[in-house]
Amino acid sequence: PAGFVCDPNGREEASKNMQDFGVHSNRLSGTLPSNECLANRSSDARLQIFYASNNLISGTIPAGFVCDPNGREEASKNMQDFGVHSNRLSGTLPSNECLANRSSDARLQIFYASNNLISGTIPAGFVCD
């Protein structure tokens, strides 16, 4: 359920204290929380580690995990490790426009999305400004 990392009902405070979410190596299916849900996170959200690798998750990688498509710099600044490798994810990686909205003190250090069905190019924003 999305409620672990964001509140689908729009209450910013509901999930702001979650720091580490790990459900790797299970048989979880469905999709990752939507950008709309992730946009509802408090600017104080503390989610730093998200691992959901080795599951049966499909759909796309919502940009809101690593940047805010709505332009709020603070929304995803604490994310350090994001791992969703070995699933059934498709689509493209978050765009350069979204990555450019990251806070100057964004802490993303690890992004694992290998062994999926992702297409397109690697946005330069992942490795340089």
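These are my notebook entries on a predicted model of one protein chain.

**Entry 1. Overall layout**

I began with the secondary structure and counted two helices and eight strands in the protein chain. Reading along the sequence, I noted the order β-β-α-β-β-β-β-α-β-β. I then looked up burial: 40% of the 129 residues of the chain count as buried. For contacts with a separation of 6 or more, I recorded that 87% join residues 24 or more positions apart.

**Entry 2. Nonpolar core**

I turned next to the largest nonpolar core, which has 23 residues. Those with the most contacts inside this core are Val5, Leu32, Phe50, Ile61, Phe65, Phe82 and Val84. The elements that give two or more residues to the core are helix H1 (35-39) and helix H2 (96-100).

**Entry 3. Valine 84**

I chose valine 84 from that list and looked up its contacts, leaving aside neighbours within four places in sequence. Among them are the core residues Leu32, Phe50 and Ile61. Valine 84 also touches Ala52, Ser53, Leu89, Tyr112, Ala113 and Asn116.

**Entry 4. Asparagine 116**

The contact with Asn116 led me to ask where asparagine 116 is placed. I found asparagine 116 in the loop between strand E7 (110-112) and strand E8 (117-118). Is asparagine 116 buried or exposed? Its relative accessibility is 17%, and because the limit for buried is under 20%, asparagine 116 counts as buried.

I then followed the polar atoms of this side chain. One of them lies 3.1 Å from the backbone oxygen of valine 84. The side chain of asparagine 116 also reaches the backbone nitrogen of arginine 88, at 3.4 Å. Leaving aside neighbours within four places in sequence, I listed the contacts of asparagine 116 as Val84, His85, Ser86, Asn87, Arg88 and Leu89.

**Entry 5. Second largest pocket**

I looked up the second largest pocket and noted about 160 Å³ of space in it. Its lining comprises Leu93, Phe111, Ala113, Ile118, Ser119, Gly120, Thr121, Ile122 and Phe126. By class, I recorded six nonpolar, three polar and no charged residues in this lining. Ala113, one of the lining residues, is also among the contacts of valine 84.

**Entry 6. Cysteine 6**

Finally, I checked cysteine 6, which is placed in the segment before strand E1 (20-22). Cysteine 6 has a relative accessible area of 0% and is therefore buried. I also noted its separation from lysine 16: the two are ten residues apart in sequence, and their C-alpha atoms are 7.7 Å apart in space.

Notes:
Residues numbered from 1 in each chain as written. Predicted model: local features only at pLDDT ≥ 70, side-chain atom pairs only at ≥ 80, totals over all residues. Heavy atoms only, no water. 1 Å grid on protein atoms, 1.4 Å probe; cavity = no way out; pocket = protein on both sides within 12 Å on 5 of 7 lines; lining within 4 Å. Points joined across faces, edges and corners; volume = space filled by probe spheres on them. Nonpolar A, V, L, I, M, F, W, Y, C, P; charged D, E, K, R; others polar. Core = buried A, V, L, I, M, F, W, Y, C linked by side-chain atoms within 4.5 Å. Buried < 20%, exposed > 50% of the residue type's maximum accessible area, 1.4 Å probe, protein only. Helix = DSSP H or I, 4+ residues; strand = E, 2+ residues; numbered from the N terminus. Contact = heavy atoms within 4.5 Å. Polar contact = N/O pair within 3.5 Å; in protein donor to acceptor, adjacent residues only side chain to side chain.
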